[in-house]
Amino acid sequence: MKKSRRWKRMSRSDESSSPSGLPLGEGDFGSVAAELGGEEKRILRSLTGPEDELPYPRRPLQMANGVIVEEYIIPDSDRQKVLEELFIFAPMPSLDDEMYDLHEKTTFRVRDYRVTREGGNNFLVSPYYPRSGGTVLDWVDVPEDDDIDPDGMFTQIRKVKE
């Protein structure tokens, strides 16, 4: 049975910030949380279960809320392979595709993704993850202006890989 995920983009009327002025992890599932991307990571953990570590070195990555997580250092030659392993949806984007980060409300090239190791899981995240907590669950196709209604909402359906 195929699973699908429904995405909503909501306009934010109450932007909260860290002391540095960067927005904290307010997600589509709730209010500002101490853990950036916390709800998304709980969803991802429920889909993947615990995961083995990837065979790459890691470095500290400071989040806007002051928490430090570990980020994998993935060589360019392995980025496609890691994307294929960690991208949980179908169809798979190419490294040259442009995606839209719902938290940042901006686009990025897929090849610029990051991967973190947190709590026994590997998380595929946007390049803006340290600022706003956007995981792969927050990546959508670049919306056209007419895809977004006047209330700032749009919907996108994705199938979870089997």
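Strands β5 and β9 pair in the antiparallel sense over three bridges; two strands count as paired if DSSP finds at least two bridges between them. Helices (H or I, at least four residues) and strands (E, at least two) are DSSP runs, numbered from the N terminus. Within this pairing, M99 has D141 as its bridge partner in β9. The model is predicted: local features need pLDDT of at least 70, side-chain atom pairs count only at pLDDT 80 or more, and totals for chains, interfaces and linings use all residues. Residues are numbered from 1 along each chain as its sequence is written, and side-chain values use heavy atoms, with hydrogens and water left out.

The pair belongs to an open sheet of three strands, in the order β6-β5-β9, with antiparallel pairing. Its edge strands are β6 and β9 (139-141), each of which pairs on one side only. Direction ignored, neighbouring strands of this sheet are turned by 45 degrees against each other on average. For such angles, axes are lines fitted to C-alpha atoms, for helices over the stretch in contact, and the angles run from 0 to 180 degrees between N-to-C directions.

On the other side of the pairing scheme, β5 (residues 98-101) is joined to β6 (residues 106-109) by four bridges, again in the antiparallel sense. D101 has T106 as its bridge partner in β6. The hairpin of β5 and β6 has four residues between the strands. K105 is placed in this loop and has a positive phi of about 60 degrees although it is not a glycine. With a relative accessible area of 32%, K105 is partly exposed; buried means under 20% relative accessible area, exposed over 50%, and partly exposed in between (1.4 Å probe, protein chains only). Ahead of β5, the loop between β4 (89-90) and β5 contains P91. A cis peptide bond, with omega about 0 degrees, joins A90 and P91.

A further open sheet consists of four strands in the order β2-β3-β7-β8, also with antiparallel pairing. Because β2 (58-62) and β8 (121-125) stand at the edges, each with a single partner strand, one side of each is left without a neighbour in the sheet. From one strand to the next, the twist averages 40 degrees. Inside this arrangement, two bridges join β3 (residues 68-72) to β7 (residues 114-118), and these strands run antiparallel. E71 has T116 as its bridge partner in β7. Helix α1 (residues 38-48) packs on the sheet and touches β7 and β8, its direction making about 125 degrees with that of β8.

F123 offers a view of this packing from strand β8, where it lies. Its relative accessibility is 1%, so F123 counts as buried. Leaving aside neighbours within four places in sequence, F123 is in contact (heavy atoms within 4.5 Å) with K41, L44, R45, R114, V115, T116 and E118. The C-alpha atoms of F123 and E40 are separated by 9.9 Å, although these residues are 83 apart along the chain.

F123 is also one of the residues that line the largest pocket, together with L44, T48, E51, D52, E85, L86, I88, N121, N122, L124 and V136. The elements that give two or more residues to this lining are α1, α2 (79-86) and β8. The largest share, four residues, comes from β8. The lining divides into six nonpolar, three polar and three charged residues; Ala, Val, Leu, Ile, Met, Phe, Trp, Tyr, Cys and Pro count as nonpolar, Asp, Glu, Lys and Arg as charged, and the others, Gly among them, as polar. The volume of the largest pocket is about 190 Å³. On a 1 Å grid over the protein atoms alone, a pocket is an open set of points where a 1.4 Å probe fits, with protein on both sides within 12 Å along at least five of seven lines, and lining residues have an atom within 4 Å of a point. Grid points are joined across faces, edges and corners, and a volume is the space filled by probe spheres set on the points.

Finally, the chain as a whole has three helices and 10 strands, which follow the pattern β-α-β-β-α-β-β-β-β-β-α-β-β along the sequence. Of its 162 residues, 44% are buried. Among contacts between residues at least 6 apart in sequence, 60% join residues at least 24 apart.
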